[in-house]
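Open the model in a viewer and keep a selection box at hand. The stops below run from the whole chain to single residues and end at a cavity.

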Amino acid sequence: MPDGKPTRSAEILSDHVRRVTGAAASVEHAAASRPAEDLNAALRDVMRLAREVTSILDLQPLLQTVIEAFVEITAAERGSLLLFDAQGELELSASHGTAAGQVDSGTFAIPHSTIRSVADSANALYVEDVLTQGSVGIRDSIHLLQLRSYACLPLVASGRVLGVCYTDSRKPGRALDASDRVLLESFAAQAALAIENARRHSELLANKTRLEAENESLRRQIAGKPVFDSMVGASPAMERLFEIIDRAARSAVSVLVLGETGTGKELVARALHLNSPRRTGPFVAVNAGSLHAELFGSELFGHKRGAFTGAIEDRLGLFETANGGTLFIDEIAELPLTLQPQLLRVLQEREIRRLGESQDRKIDVRVIAATNKDLQEKIRLGEFRDDLYFRLRVVNIRVPPLRERGNDLLLLAEAFTRRFAAQYDKGNLELAPSALRWLLARDWTGNVRQLENCIHQAVALADPDATLTGEFLTSEEPPEGGRRDLGKGSLREILAEVERQAIQNALEECDGNVLAAAQRLGVSRQYLHTLKKNHGIVVEPRRSPRKTSSKEQSVSD
């Protein structure tokens with residue numbers, strides 16, 4: 001705000017000074033003993049600092065500015081600003097000349113009990129000379145730190161204490177008269193309001209970001225564009241998967257999702273639902289292995305009151321709950337053979353009958369099933385009905401394992417790191433090159449779920465804003481014969497080595513056939529030739545042994 005226009009901060013500060021200097025004889029004496037120009041200069045300085053802090057909306061820069069202003073006003077050497085966290089504990093949030101570790105290590109200048117007392121009472125504490133004013137306990141502890149003066153003020157806004165500001169010095173402090181203290185406490189009140197405003201501003205920005213993401217997701221849905229919010233991947237294998245999901249989502253036919261444990265089959269099912277015309281309907285998931293034979297009919301189809309012992313009220317089954325939406329049946333291979341005809345009938349007739357009722361109910365439900373088992377082998381063994389299998393697999397989607405997804409591993413690791421860092425309020429955690437090398441050297445037989453659990457554990461145990469190295473992830477060494485053996489280097493060098501090994505392996509597995517290797521890698525034949533040349537890879541096609549003619553045979557004999 002331009003000079004000459006009084007700010008709200010200036011009005012508050014001036015009002016405080018007028019009230020204090022005119023309210024009591026002791027205050028009048030203190031103000032009279034100080035030259036008017038000094039008092040006006042102090043008022044201008046505090047007003048300047050108040051304008052400065054109230055103009056900052058980013059919380060961390062604001063906190064640093066506030067504590068530096070307190071140090072300036074009190075002519076101290078060090079300062080610390082502590083705010084209450086969600087658990088009601090005072091946490092060091094900003095400092096000037098004070099290391100963060102001093103609070104936790106117990107070498108902080110004033111005992112926690114004293115600071116907490118100021119926070120609890122909301123009353124400021126000033127000690128200009130510890131040797132003459134402090135208690136014996138405080139004198140002893142402060143003497144060890146060679147400190148002589150300190151000030152501790154509560155930060156109060158909207159009727160609650162947000163935290164405290166503490167400053168100290170190794171020399172006796174300048175005596176703060178009544179007007180000095182009024183100015184300081186008025187500034188503390190303005191700083192507290194600025195902190196509260198900055199917090200609200202941060203919340204508004206977070207909500208704005210979330211709403212923008214949700215709006216973008218809705219716009220994509222309205223525009224008919226596929227939504228894969230929960231799925232991370234840029235490999236050719238995942239691009240093919242996204243394309244299949246986009247096409248399959250448009251119809252209402254049953255889908256069978258196949259894939260190893262931990263590959264994300266339920267995420268595929270949710271993506272099919274979110275990108276379908278049924279997106280506004282419910283998505284209901286159930287694990288077939290958890291359905292007991294006695295309760296199967298009740299769980300899926302519901303029951304009427306009194307249908308069996310314990311049926312004390314009417315109950316909707318999962319099919320009716322999912323009506324108008326999608327029912328996802330995971331681990332379909334675990335469904336007992338005796339229960340499979342009931343599911344087959346629902347898929348054929350599109351109707352269910354509650355237990356205890358005589359009439360059928362029409363349903364409109366898309367069924368998506370998933371398994372990590374070989375259903376055709378189970379059919380051969382007589383453990384799964386072939387007619388149910390063909391009803392379920394109108395569309396068949398295979399989810400690639402992590403080992404076929406190339407550098408998606410790194411994208412997933414970084415996405416999990418960001419997600420869990422936000423969940424545990426760990427700031428900006430990053431994965432070091434050593435961590436990336438460690439991740440790339442693993443087999444990850446448990447696929448994405450195993451990787452997620454590994455990152456989850458590392459982030460939960462890490463310090464805020466740390467850099468996660470290989471040691472953070474686990475103390476376990478990669479097993480012998482691991483998928484990759486990566487040396488040291490930059491991320492670009494690591495990725496180049498991964499690419500080279502993937503091309504080498506594909507060519508060797510395809511006996512040097514470039515076209516077959518290109519199809520396996522999901523790239524064009526011409527592009528694979530370029531990659532071979534860039535990496536200096538030479539894999540010649542294996543030649544079949546030349547057949548020996550009968551004439552040559554006779555000669556050799």
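A residue is called buried when its relative accessible area is under 20%, exposed when it is over 50%, and partly exposed in between, with a 1.4 Å probe and protein chains only. The model is a predicted one, in which local features need pLDDT of at least 70 and side-chain atom pairs count only at pLDDT 80 or more, while totals for chains, interfaces and linings use all residues. Numbering starts from 1 along each chain as its sequence is written, and side-chain values use heavy atoms, with hydrogens and water left out.

**Whole chain**

Select everything and colour by secondary structure. The chain has 24 helices and 16 strands; helices (H or I, at least four residues) and strands (E, at least two) are DSSP runs numbered from the N terminus. Of the 557 residues, 43% are buried. The exposed area of the chain is about 30100 Å², and carbon and sulfur atoms supply 50% of it; areas come from the Shrake-Rupley method with a 1.4 Å probe, and for residues only the protein chains shown count as cover. A contact means heavy atoms within 4.5 Å. Among contacts between residues at least 6 apart in sequence, 69% join residues at least 24 apart.

**Helix 10 and the loop before it**

Select residues 236–249. This is helix 10, with 14 residues; from first C-alpha to last it reaches 20 Å, close to the 20 Å expected at 1.5 Å a residue. The expected span is 1.5 Å times one less than the number of residues. Show the side chains of Ala-237, Met-238, Leu-241, Phe-242, Ile-245, Asp-246, Ala-248 and Ala-249, which are the buried residues of helix 10. They pack against helix 11 (265–274), strand 13 (366–371), strand 14 (395–398) and helix 17 (408–423).

Step back to Val-232, in the loop between helix 9 (178–222) and helix 10. Val-232 is partly exposed at 27% relative accessibility. Leaving aside neighbours within four places in sequence, Val-232 is in contact with Met-238, Arg-405, Leu-411, Leu-412 and Ala-415. The C-alpha atoms of Val-232 and Leu-411 are 7.0 Å apart, with their positions 179 residues apart along the chain.

**Thr-417 and Thr-326**

Next select Thr-417, in helix 17. Is Thr-417 buried or exposed? Its relative accessible area is 2%, so Thr-417 is buried. Its contacts, apart from neighbours within four places in sequence, are Leu-429, Leu-431, Ile-455, Val-459 and Leu-468.

Then go to Thr-326, in strand 10 (residues 326–330). Thr-326 counts as buried because its relative accessibility is 0%. Beyond four places in sequence, Thr-326 is in contact with His-273, Arg-278, Pro-282, Phe-283, Val-284, Val-365, Arg-366 and Ile-368. Measure from C-alpha to C-alpha between Thr-326 and Arg-278: they are 7.4 Å apart in space and 48 residues apart in sequence.

**Two loops with a leucine**

Select Leu-57, in the loop between helix 3 (36–54) and helix 4 (59–74). Leu-57 has a relative accessible area of 41%, so it is partly exposed. Not counting residues up to four places away in sequence, Leu-57 touches Ala-198 and His-201. The C-alpha atoms of Leu-57 and Arg-200 are separated by 9.2 Å, at 143 residues apart along the chain.

Leu-355 is in the loop between strand 11 (351–352) and strand 12 (361–362). Leu-355 is partly exposed at 31% relative accessibility. From its C-alpha to that of Gly-302, 53 residues apart along the chain, the separation is 6.4 Å.

**Positive phi**

Most residues other than glycine have a negative phi. Select Ala-122, in the loop between helix 6 (112–121) and strand 3 (125–127): its phi is positive, near 60°. Ala-122 is partly exposed at 34% relative accessibility. Ser-158, in the loop between strand 4 (149–157) and strand 5 (160–169), also has a positive phi, of about 55°. Its relative accessible area of 55% makes Ser-158 exposed.

**A cavity**

On a 1 Å grid over the protein atoms alone, a cavity is a set of points where a 1.4 Å probe fits but cannot get out, and lining residues have an atom within 4 Å of a point. Points are joined across faces, edges and corners, and a volume is the space filled by probe spheres set on them. The structure holds two cavities of 30 Å³ or more, and the second largest has about 30 Å³ of space. To find it, select Val-286, Ala-288, Leu-291, Phe-296, Leu-300, Ile-329, Ile-332, Leu-335 and Leu-343, which line it. What kinds of residue, nonpolar, polar or charged, make up this lining? Nine are nonpolar, with no polar and no charged residues; Ala, Val, Leu, Ile, Met, Phe, Trp, Tyr, Cys and Pro count as nonpolar, Asp, Glu, Lys and Arg as charged, and the others, Gly among them, as polar.

How values were computed. 1 Å grid on protein atoms, 1.4 Å probe; cavity = no way out; pocket = protein on both sides within 12 Å on 5 of 7 lines; lining within 4 Å.
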